[in-house]
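Colleague: Could you take me through one part of this protein in detail, and then show me how it sits in the whole? I work at the bench, so please give me the cut-offs as you go.

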Amino acid sequence: MSNPLRFLSRRRLLAFFGVALLLFGLAMLHPYPRQSLFGPTIDGIPWCMWEARLLQLMDNSVKRSSTEG
């Protein structure tokens, strides 16, 4: 029985792990998968998404109050 690992050279293994690391890094740039994997959630929604929504609502209320006054 042949060993399938003997066909993988060191260069191919490094290329495979490099591509996997690159894809993982690109996925971690977005806050949703990063917080889903590493951070706290509220009802399954990452904390950073709650923060972003809250900051957006606060910014809108500040803009609205400054234009009314």
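Modeller: Happy to; here is a close look at Met28, followed by its surroundings.

A word on the basis: this is a predicted model, in which local features need pLDDT of at least 70, side-chain atom pairs count only at pLDDT 80 or more, and totals for chains, interfaces and linings use all residues. Residues are numbered from 1 along each chain as its sequence is written, and side-chain values use heavy atoms, with hydrogens and water left out.

Met28 sits in the loop between helix 1 and helix 2 (31-38); helices here are DSSP runs of H or I with at least four residues, strands are runs of E with at least two, and both are numbered from the N terminus. With a relative accessible area of 15%, Met28 is buried, a word that means under 20%, while exposed means over 50% and partly exposed lies in between (1.4 Å probe, protein chains only). Leaving aside residues up to four places away in sequence, Met28 touches Pro33, Arg34, Leu37 and Phe38, where contact means heavy atoms within 4.5 Å. Phe38 is ten residues from Met28 along the chain, and their C-alpha atoms are 9.9 Å apart.

Now the wider setting. The protein has three helices and two strands, in the order α-α-β-β-α along the sequence. Buried residues account for 6% of its 69 residues.

A search of the whole structure turns up one aromatic pair. Phe16 and Phe17 form this pair edge-to-face, at 5.5 Å centre to centre with 65° between the planes; rings of Phe, Tyr and Trp (its six-membered ring) pair if their centres lie within 6.5 Å, and planes under 30 degrees apart count as stacked, over 60 as edge-to-face and the rest as tilted. Both Phe16 and Phe17 are exposed.

As for confidence, pLDDT runs from 0 to 100 for each residue. The protein averages 82, and 88% of the residues score at least 70. Helix 1 has the highest mean, 92, and strand 1 (residues 41-42) the lowest, 76.

Technical notes
pLDDT = per-residue confidence, 0-100.
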